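Here is a short tour of one structure, written with modelling work in mind. Have a look at the chain first, and then we can walk through it together.

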Amino acid sequence: MKRTGILFFPAFDWSLGDSHPEREERLLYTQEQLFEEGILDLPQIKQFSPRVATMKDVLRTQALFPNPGAHTESLDPHLISAGSSLLLGEAQVNGEIDNGFVMARPPGHHSGATVWGNRGFCSLNNEAILVNYLRARFGKKRIAIVDTDVHHGDGTQDIFYHDPNVLFISLHQDGRTLYPGSGFVNEKGGPNAWDQTLNIPLPPGTGDEGYHYILENWVLPRLQAFAPEIIINSAGQDNHFTDPLASMNLTARGYGRITELLRPDLAVLEGGYSIEGALPYVNLAILLALAGEDYHHVREPQKLKRTTLTLAALKPYIQDLQKQQQTVKQSFTIQNKPYFPKGNWISIPHSVYYDTEGFQETRHDYVRECSNCAGTVYIESRRYTEKSILVRIPFEACPICEQAGYDLWDHLQKPNEGFANGMLQNQLHDKQYLWNRKEGLMEF
Amino acid sequence: MFNRVGIDVGGTYTDAVYFHNGRIQHTAKVPTQSDNLVETLMNAFDTLKISDEQEINQITVSTTLVTNAILQNRIPPVKLLLFSGNGMKIDALPWPVTYTELTGEMDFRGREIEAPDQKEWEKLQLQRDNISHAAIVGKFSHRNRLHEEQLAAYLKQHNPSLTLALGHEWGQANFYRRSLTTYLNLGVSDLYHQFAQQLQTAVSARNIQAPIYILKADGGSLPLAKIRPIDSIYSGPAASVLSALTQTSSDASSIIVDIGGTTTDIGLTLSGAPLISSKGAQIGDFSTLVRSLAVRSIPVGGDSVVRTKDQGFIIEEYRLGPACCLGGDRPTPTDAMRYLKLIDYGDEQLAEEGLASLLPPEQRTPQLLHDLAAEIIDRVVDRIAEAVDSLKREWKEEPAYKVWEVLHPHENKEFNTIVSGGGARGVTTALGKRLKTTVQLGAFSEVSNALGAALARPTFDCTLHLDTYMKQYRVEETGEQGKWTGSLRPHREVEGFLETLVQQQVAHYGIEIQDMEKEPFDFFPIVQNYQTVGQIISGAVHLRPGVIGRVQE
Ligand SMILES: [Zn+2]
Ligand SMILES: [Zn+2]
């Protein structure tokens, strides 16, 4: 029996559109199921009420471009979802609960280091905001995130790609067959955080048995080797065999077993859009597993009709994937701009598509190669003709990287440099600054 | 102006208050003869010296009868038959009674997942086991009562004398609580009906024709014949909150403290409305769906024994006779109050001797005795303050399920404190300091429950749950389930529908209602394949607990 916290925030008055998967109805039947079971009467369960995350909490982790003011109208539900994660995370760290489940809408794992809008139903990354909150406020050093949503947790990966102290593991349906189209084994982290990102793309049709096999034989050993202080599970439920957006074959009990194997300190709901066939049962199974109760009687009414990959068929695929993953070698391009401070700056260009509103963000990321810290990060981000800059001085930055960050930040604001706005994310001192050529500097 | 009688039938005393033309005319306190309630009640009526029985508009009664029967385990056995379905293992929760699980399952929309198995029913053998009462409860029966009714029909056919209760009549979610509530309500029904009869007999014997109302746990009153027996639990604490309401302005926010011999009840009103518990009432080992006021009972009172421990003292949860100053032999908070001259009853010398026994002989100086007495009172006040904090948290930390609710949290309120009961005068100053509020002494505190009962208004709640796709509607409070024949996406139509339901129920209860509070409707579009195919709609009206008048001393 575990003291388990639950924060249930179904955002019954919010949707991304009338018939959008992310709509009011999404957690309605989950509520019916949980309340009818009497889950809140379990002596070890404690219910928490939500709280709103502050802008500082957000900016510590994500840059809102071109400025936070451009987002405020649409941000409320996301701030509550993020704040709810913070609240339960805090309760866990304080020892008020052993573990917890943030069952809140909207989700967050497609939201990355820079945010121009909503993508993949996400505007703010709830888990990432939590991770950095626990580091800044509670001095936590090593945290692992295991993303069991069917979609690649590309936003979370983006945020921690250069961070050697956050292990990010994502299991998902192969990006060649599903949104967002990323999450391949060669994405293993930046030069200072090589091998701290692990992507496990799975073939459509993977079921309970296969999934558990991968957890036991690949994910758990990797977790154990990393020895995190806290494990966070991005608990998306769209691997369920009834999910309308994906093609995997997990059951509610399968999810219970995932939870039992991972033993997360905190599970945070991500996707899952089979709102009647899966969510009430999967949410129940996860919660029971967290609370140390028997989840084997949780049974979704529908029967599995799709064919599931046998373990025999899956094993060779996994072995092959593991081999591929291990053989990927670092190959990074050094590209020093004239105004870059001393050192080798690794350039990683990429672009991000915002499907909700249909536009493209073009990014040039640079990270200072460093063997003493996570390295200062410099990101140029463009949407149409707008350009914004993020400078990040990482947690536990070495003095040289710290200075590099300040130098870049100063350069940006010089009169003739043509930058209009930017953000300094000083994680080392937990300070966030926004700068705008017209309005000047603002500190958080 | 109203003419009303309020009666509180307690375990030891029966209290009564008679209001004539809106003013208290007489009060009464008579011993409760548990083996002769009729006589007890007639005594109470006689003591009230009612001038004209025909003028009385209403009699309202609060009673601990049902509460005590449950707490003392005096209810006859009920066979509990459950359609428990899949999901959480049923024994994950603590069941204070035994049950039999049967095949048959519904889902959250009220769709049948698995039909019942008649062969199981044939093996039930209720007659052989001499079972006279059975409760049938299904998981999600508040969405579809079909299985409950099928089994009930089967059992009735084989055993017509069987008394049955069905769970869906408790229409809120929570299978566990619904099961226990159905069980208890059936278990106490004979006892309650017997009480109702005695009450009626006594009233008729005194020539009173006024309708009799019973006070409920939520602080509302309903006609004797319409109330569900289990709803009468905890009407004592509810009455004491109502009694405080009669002594404040109609929009005041108050902390209500009622100090008894060994327990102190604490309640909260917010802008004139008592705080309702977000969960149902807990009674003994039973978790129920009974709506009740949020009240904390803490095991400390004027007669609690104070005992030395380590270097100091502790206040025990029990009493061993009266306070020293009233002839007992154990020091109590009452002695501390007497010693400090905060109360004027009891013997001062005996109080001092009692307190002195808590100190080593060399420390029994006036100064140290004074300090000790003050500390005892502070300790009592600390316990009260903790309970007040916990109530305020319950109010402030109500779970929120909408963005709007999170962005509009409860605003802070300016509270006053009303304290009544034997030791009230003794803690006034300390309580005011600790709670940082003004403190007012409750009037008529020796009959406060009867006073609260006398002036109680009815409460009324009607919560509609409508699934236009399944073409089903349900009412939480009554368990009514019916066919929806309106449109798939109703708008105005649903308001009229709820209004009609309300009118029907109000007529059924025979109550008059004003100040109805409407909750805005929630509309959930039901989407299939990106098409809206219907709506789930919920909405409610409430008449919150309150009083019909105020008292002046
Ligand atoms: Zn997903
Ligand atoms: Zn460095």
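## A buried helix

Let's begin with helix α7(A), where Ala252(A), Gly254(A), Tyr255(A), Gly256(A), Ile258(A), Thr259(A), Leu261(A) and Leu262(A) are buried. Please keep in mind that this is a predicted model. Since 8 of the 11 residues of α7(A) are buried, the helix is largely enclosed by the rest of the structure. What surrounds those buried residues? They pack against β6, α6 (208-226), β9 and α8 (279-290) of chain A.

Just past the end of α7(A), the backbone does something worth a glance in a Ramachandran plot: Arg263(A) takes a positive phi of about 45°.

## Asp265(A), a buried acid

Follow the chain onward and you come to Asp265(A), in the loop between α7 (252-262) and β10 (266-269) of chain A. This residue is buried, yet it has no salt bridge. The nearest side chain of opposite charge belongs to Lys2(A), and it is 7.5 Å away; a salt bridge would need a nitrogen–oxygen pair within 4 Å.

Which partners does the Asp265(A) side chain have instead? It reaches the backbone nitrogen of Ile231(A) at 2.7 Å, and a polar contact of 3.4 Å joins it to the side chain of Gln92(A). Setting aside neighbours within four places in sequence, the contacts of Asp265(A) are Gln92(A), Asp98(A), Asn99(A), Gly100(A), Glu229(A), Ile230(A) and Ile231(A).

## The irregular zinc site

The zinc ion (ligand 1) is held by Asp149(A), His151(A) and Asp238(A), at 2.0 to 2.7 Å. Asp149(A) is listed twice through OD atoms, while His151(A) donates ND1 and Asp238(A) an OD atom. Along the chain, these donors follow the spacing D-x1-H-x86-D. His151(A) and Asp238(A) bring distant parts of the chain together, being 87 residues apart. His151(A) sits in the loop between β6 (143-147) and α5 (154-160), and Asp238(A) in the loop between β9 (230-235) and α7.

How are the donor atoms arranged around the zinc ion (ligand 1)? The angles among its 4 donor atoms run from 53 to 152°, and the site is irregular. Two of its residues are well covered by protein: His151(A) counts as buried because its relative accessible area is 7%, and Asp238(A) is buried too, with a value of 1%.

## The tetrahedral zinc site

For the zinc ion (ligand 2), the donors are SG atoms of Cys370(A), Cys373(A), Cys398(A) and Cys401(A), at 2.2 to 2.3 Å. Their spacing along the chain is C-x2-C-x24-C-x2-C. Here the angles among the 4 donor atoms span 99 to 118°, and the site is tetrahedral. For reference, the ideal angle for four tetrahedral donors is 109.5 degrees.

Cys370(A) is placed in the loop between β13 (359-368) and β14 (377-383) of chain A. At 13% relative accessibility, this cysteine counts as buried, and so does Cys373(A) at 8%. Leaving out neighbours within four places in sequence, Cys370(A) is in contact with Asn192(A), Gly375(A), Cys398(A) and Cys401(A). As a pointer for orientation, Cys370(A) and Lys438(A) are 68 residues apart in sequence and 35 Å apart in space, C-alpha to C-alpha.

Technical notes. Residues numbered from 1 in each chain as written. Chains lettered and ligands numbered in written order. Predicted model: local features only at pLDDT ≥ 70, side-chain atom pairs only at ≥ 80, totals over all residues. Heavy atoms only, no water. Helix = DSSP H or I, 4+ residues; strand = E, 2+ residues; numbered from the N terminus. Buried < 20%, exposed > 50% of the residue type's maximum accessible area, 1.4 Å probe, protein only. Lys, Arg positive; Asp, Glu negative; His and termini not counted. Polar contact = N/O pair within 3.5 Å; in protein donor to acceptor, adjacent residues only side chain to side chain. Contact = heavy atoms within 4.5 Å. Donors = N, O, S within 2.8 Å, 3.2 Å for Na, K, Ca; no water. Tetrahedral: all angles 85-135°; square planar, octahedral: opposite > 155°, others 65-115°.
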